[in-house]
Amino acid sequence: MRVPPRTSTAQNQGDSLCHLAVAPSQTRVNRIDAAHRRAHDAETFFCCTRLIVNARINRSLKLLLCFVLLLTIAALTVLWIVHSAQARREGELKLEGLKAPVEVYYDGWGVPHIDASNEEDAYRALGYVHAQDRLFQMDLLRRIGGGRLSELFGAESFATDRFFRTLGISRYARAYAERLEAQPDSPHVKLMHAYQDGINQYIDHGGMPLEYRLLMTRPDYFTSEDIANAMGYMAYSFAEAFKTDALVDSIRGTLSERHYRDLVPSWPDQLPPLRSSGQPYIELLTPMLEQIGQVEKNIPTGQFLGSNAWVVNADHSASGAPLLANDPHIGFAAPAVWYEAHIRTPDSEVYGHFLAGIPFPLLGQTRHHAWGLTMLMNDDVDFYRERTNPDDPEQVWAVDHWEPLQVHEEVIKIRGQEDRLIRTRSSRHGPIINDLPGSMERQPVSLFWSFLDPDSDSTQAFYGFTRATSMAEFEAAAALHGAPGLNLLYADADNNIAMWAIGKLKRWPQSSNGFSLLNGSSGRDDFLGYQPFESNPRIINPREGILFSTNNPYPERNPRRKLPGYYAPTDRALRLEQLLASKEQFDLSDFKAFQLDDQRPVALSMIADALPLFDLEQLPDELREPAARAAGLLASWDGRYDQNSAAASIFQRWQDALSEALFADELGPRYSFFRNTFMAEKTLASLYWKPTSPWWDNRQQPSLDGRHSAIQHAWQNAIAGLVADLGDDPAQWQWSRLTSLQHAHALAERIPFGEYLNSKPVAVSGGNETLNNMVFDRGEARYKIKAGPSTRRLIDLSDLNATLGINPLGQSGNPLDGHAYDQAEMFNEGRYRTQLFDWLSIQALPDRLELQPDSRRR
């Protein structure tokens, strides 16, 4: 067997030494290679990192550059939008149709003072500058009355459009335009056309208010129909009957005669009794009432709700010339309602307050006279129950024969959707008002409305006010006004003062009082025509030397001559009568204090009576201490709705609860329609002093029957509500915590971020039916002021340059303009500004826009 050779130890050791000798050298090589690899990997890593970092830097740089570019584009877009929306108040513009240059001077508040060589040029210029500031507002006002909001806002406005089309305003507007076209040489028609041409030239020049950019649309041209549509919306706002006649008829049909008589305490007892079948007809007009409730929530401009005005002659004026004050109460919105402008030509001069789209001022002053307006509150609306033919529902009985209903088909254009065809009907009395979806099978109810009279026109009257040179000429112009009914207060430099009820006043059938649904088939309730203007209520140069209107009836001792109407509660009238009797002579500082007065004497008398009836022992334990302190605040209250007053909050909540205790159980779901009417406030103030009225009976909770129980129960509910909403310390229940004033823009709830177009909510003094009338809906946890003084004017005819006024927001309707909100703080704080009437001062103003004739044809 072969055995492997054995190696010696030395040899083995040598081999090991050789191995050891070789190993370190190879290891170094391997380590060097590894180091090289690591270095290469590191270099590769750093190169890759640099590439990645560079790529990221490039990407970030590109993103940054893109972002900067987008910002630049956005900024340029905003600047372009702002520039295209901005009113031109200096420089030179060319207008077609001008016969000579027109100078427009802008004062520090953005009010244009127009100096022209003839009236047509002046009103063409007015149309242009009015559109610069208020085009979108003009557009909205005409669209509401004409039923055309859906063209801007889409299907959400269809119900509103349908309602106003049902009223027949658009049909009246078409007939009105045809009537104007038939008299093109009439002075007021020429000026209306010139005014609208100015508006349309502004549109042609590319003027585009911000709202159209946001809505991505354009305005269309203005026509004569638009004036009638705008006036129609104003007339609708004045017609309280839309909200109350159906309720009154329901009460007459379902409750007792005493309920009915106590509901409207100002009705003359001598009015003929209403003939009623005893059946409630509320169901016939419920669709209309519900529609009105929805429509008025969605109307994008303010409604006309009331007004104050008063005048004193020279005997009661510290300056020795008549003084006039006026503050119409209209819904607050952005922009504000009135647009101020001053116009001078060789033939006339007027400083006026204009409604959007209407060429003549409703409020104004010349060097000879000044005038103001309040709502007359007359009943110019009647509803007729029509009797249909059982064999043909398209016919109704007309005294002695069947008469076909007229059918009207109209198209409502809806943005983003197909046009919709609607079908409305009318009888000999007027439009069928309850032809709404789901209600076509009901007994038809037709609407008689003085505004829809084919001969009704107001623009000629407003034009006449600006041109009159004597009280006789002014009165002749007043006689031309058709509808709505207004109180016209007047003062002139010849020391005349006057107040006329203007508008066509109906002759009353002997069969009806006109406040409920009438019989449309018998003929006995039919319209008898209008009384002559000479028979309208009026007061001229009274011996007392003082006249005022707060939407109250004319003082008339003969009950048969009292004009039935939907008059305001007596609070403002009583307070103003007190103030005007407080001294012999007044100046504008006195009148300023009157306009800002926020005391309610009626509230003080109610509280003085109620305080002894508040029983703390009947309250839950946790409410007794707050109630005791609240009663103490009421006991020392001065009746003022100052924003810092806690007592005002306590009284208002108690009054709301008392109204609900009186009316809600009888009226049921109809109470929500009733509680915010003039009738509700008036009736509560009257019934409070009638403990035997059946309205004090509580049908739902007999244990609460009677006046005393209702007063106590309302007190408990008011305290519980205030504790829940404002805490248990009555000293912290300031009026400012319950109320706020915010002017809402039409797009606030219609576009993203639209709420930024609203004004900021602010606290203000005043309440419902104080002279500083801040109107809010009752029955809410928080009172959002919806209407109030739309302007405050104070005029001393001894010095027109001392005229004071204020706008709730500003002249401009462009939210980005410097004159959009520049008067808001002053208005909220009760401050005024002067109105320029002196042309030497006006011509020294730095902002001047020169309008030159342009001979090119459009």
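## Salt bridges at a glance

This structure, which is a predicted model, holds 46 salt bridges. Three of these pairs make a good tour, and a linked group of charged residues follows.

## From a loop to helix α2

Let's start with Lys-99 and Glu-120, whose side chains meet in a salt bridge with an N to O distance of 3.7 Å. Lys-99 sits in the loop between β1 (91–96) and β2 (102–106), while Glu-120 belongs to helix α2, so this pair ties together parts that are 21 residues apart in sequence.

How accessible are the two partners? Lys-99 counts as exposed because its relative accessibility is 60%. Glu-120 has a relative accessible area of 23%, so this residue is partly exposed.

## A buried pair

Next come Glu-410 and Arg-165, which form a salt bridge at 3.1 Å, N to O. Glu-410 is part of strand β14 (residues 406–412) and Arg-165 is part of helix α4 (residues 158–167), so the bridge ties together parts that are 245 residues apart in sequence. Both Glu-410 and Arg-165 are buried.

## Two helices joined, and a network

Arg-653 and Asp-725 also form a salt bridge, and their closest N and O atoms are 2.8 Å apart. Here the partners come from two helices: Arg-653 from α18 (residues 646–667) and Asp-725 from α21 (residues 707–726), so parts that are 72 residues apart in sequence are tied together. Arg-653 has 9% relative accessibility and therefore counts as buried, whereas Asp-725, at 30%, counts as partly exposed.

Some salt bridges share partners, and in this way Asp-139, Arg-142, Arg-143, Arg-148, Glu-151, Asp-220 and Asp-226 are joined into one network.

## The nonpolar cores

Now for the nonpolar side of the story. The largest nonpolar core has 142 residues, and the members that touch the most others are Phe-164, Leu-167, Phe-242, Phe-383, Trp-449 and Phe-465. Helix α2 (residues 119–146) supplies the largest share of this core, with 13 residues. You have already met this helix as the home of Glu-120.

Phe-383 is worth a look in your viewer. Which residues does Phe-383 contact, leaving aside neighbours within four places in sequence? Its partners are Ala-241, Phe-242, Asp-245, Leu-285, Met-288, Ile-433, Val-445, Ser-446, Leu-447, Ser-516, Leu-517 and Leu-518. One of them, Phe-242, is also listed among the core members that touch the most others.

There is a second, separate core too, made of 55 residues. Its members include Val-248, Ala-631, Tyr-671 and Tyr-688.

Note on methods
Residues are numbered from 1 along each chain as its sequence is written. This is a predicted model: local features need pLDDT of at least 70, side-chain atom pairs count only at pLDDT 80 or more; totals for chains, interfaces and linings use all residues. Side-chain values use heavy atoms; hydrogens and water are left out. A nonpolar core is a set of buried Ala, Val, Leu, Ile, Met, Phe, Trp, Tyr and Cys residues joined through side-chain atoms within 4.5 Å. Buried means under 20% relative accessible area, exposed over 50%, partly exposed in between (1.4 Å probe, protein chains only). Helices (H or I, at least four residues) and strands (E, at least two) are DSSP runs, numbered from the N terminus. Contact means heavy atoms within 4.5 Å. A salt bridge is a side-chain nitrogen of Lys or Arg within 4 Å of a carboxyl oxygen of Asp or Glu.
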